[in-house]
Every structure is written in C-alpha cells, then in structure tokens.
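Please look over the sequence and the structure shown below before reading on. The paragraphs after them go from a single residue to the sheet around it and then to the core.

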Amino acid sequence: MAKSKFVDGFVFSIPQTNIEAYRKIASKAGKIWIEHGALEYYECVGSDMAFDFGISFPKLTKAKPEDTVIFAWIGFKSRSHRDKVNAKVMADPRLHGMMDPNKPLFNMKRMSYGGFETIVAIQGGAK
C-alpha cells in the first residue's frame, strides 16, 4: 500500500448506543472513499480515554457520560489528491442517503476536523 502523505483527521463523541449504526455507515462510506481514490480509511472507537495529562479526547469533544469517542482518518497522496477525491465523494449520491439529518447519530458541532501533511511515517511489521 502506498504511504499517505496527506491525511484528513476527525475526532468526535458519539453515544455508545449509536456505535453499531455508525460502524455500518462508516463501513459503507469508507468503501466509497477508497473507490474514489483514497489510500486508506480508518474509523476507531475509544477504549482507553482516561489520562491525567493534556486535553483528553472526551474533554475535547465535550463527551457526555453515555458517549465515547471516534477517532478517524483518511489517507491521500497529497492535498490536491485529497481535494479531487473528496469532490468525487461529496458528489456521490450513495453518501447523501446514509444519514438521516433529522436523526443524527452524533453532534457535528462537537466534531474536530483538519487536514494534515505527513512529516514522519514509520511502518513496522510482526517479528
């Protein structure tokens, strides 16, 4: 697999009761991103969020006690590649029908997002 040189990252909180519904949507969305050229697509659910330093992801996302955190990223060849892929994805009608705007699975106002240039990429393997 080609190494991502540009990454879109997302962090948000979601009610734990919505994780399975979100996983199903994310699985479909990920396939659409890959189909349109993304190099990799990851959606991860928080399982170890209790730390005594920095700003924890639950605090960053204003998670409620019944919430957990989703940490996700999509890898691309470059920022321009990301822009081209995302334009295709956003125009794909399959994506628009996945979530009901009247019944959101999470609060988009508590989501953090950004695009990042890769400055270090180290991959390991099993020994």
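**From one residue to the sheet and the core**

Thr-68 counts as buried, because its relative accessibility is 10% and buried means under 20% relative accessible area, exposed over 50% and partly exposed in between, with a 1.4 Å probe and protein chains only. This is a predicted model, in which local features need pLDDT of at least 70 and side-chain atom pairs count only at pLDDT 80 or more, while totals for chains, interfaces and linings use all residues. Residues are numbered from 1 along each chain as its sequence is written, and side-chain values use heavy atoms, with hydrogens and water left out.

Thr-68 is found in strand 3, where strands (E, at least two residues) and helices (H or I, at least four) are DSSP runs numbered from the N terminus. Not counting residues up to four places away in sequence, Thr-68 touches Phe-12, Ser-13, Ile-14, Gln-16, Ile-19, Val-45 and Gly-46, contact meaning heavy atoms within 4.5 Å. A polar atom of the Thr-68 side chain lies 3.2 Å from the backbone oxygen of Gly-46.

Strand 3 belongs to an open sheet of 4 strands, in the order 2-3-1-4 and with antiparallel pairing, two strands being paired if DSSP finds at least two bridges between them. Strand 2 (40-45) and strand 4 stand at the edges with a single partner strand each, so one side of each is left without a neighbour in the sheet. From one strand to the next, the twist averages 15°, an angle that, on a scale from 0 to 180 degrees, is taken between the N-to-C directions of axes fitted to C-alpha atoms, for helices over the stretch in contact. Helix 1 packs on this sheet, touching strand 1, strand 2 and strand 3, and its direction makes about 170° with that of strand 2.

Within the sheet, strand 1 (residues 6-15) pairs with strand 3 (residues 67-76) over 10 bridges, and the partner of Phe-12 in strand 3 is Ile-70. Strand 1 also pairs with strand 4 (residues 112-117) over 6 bridges, and of the 10 residues of strand 1, 9 are buried.

The largest nonpolar core, a set of buried Ala, Val, Leu, Ile, Met, Phe, Trp, Tyr and Cys residues joined through side-chain atoms within 4.5 Å, has 21 residues, and those with the most contacts inside it are Ile-14, Tyr-22, Trp-33 and Phe-76. Strand 1, helix 1 (19-35), strand 3 and helix 3 (79-91) each supply at least two residues of this core, and the largest share, 6 residues, comes from helix 1.

How values were computed:
A polar contact is a pair of N or O atoms within 3.5 Å; within protein, one must be able to donate a hydrogen and the other to accept it, and residues adjacent in sequence count only if both atoms are side-chain atoms.
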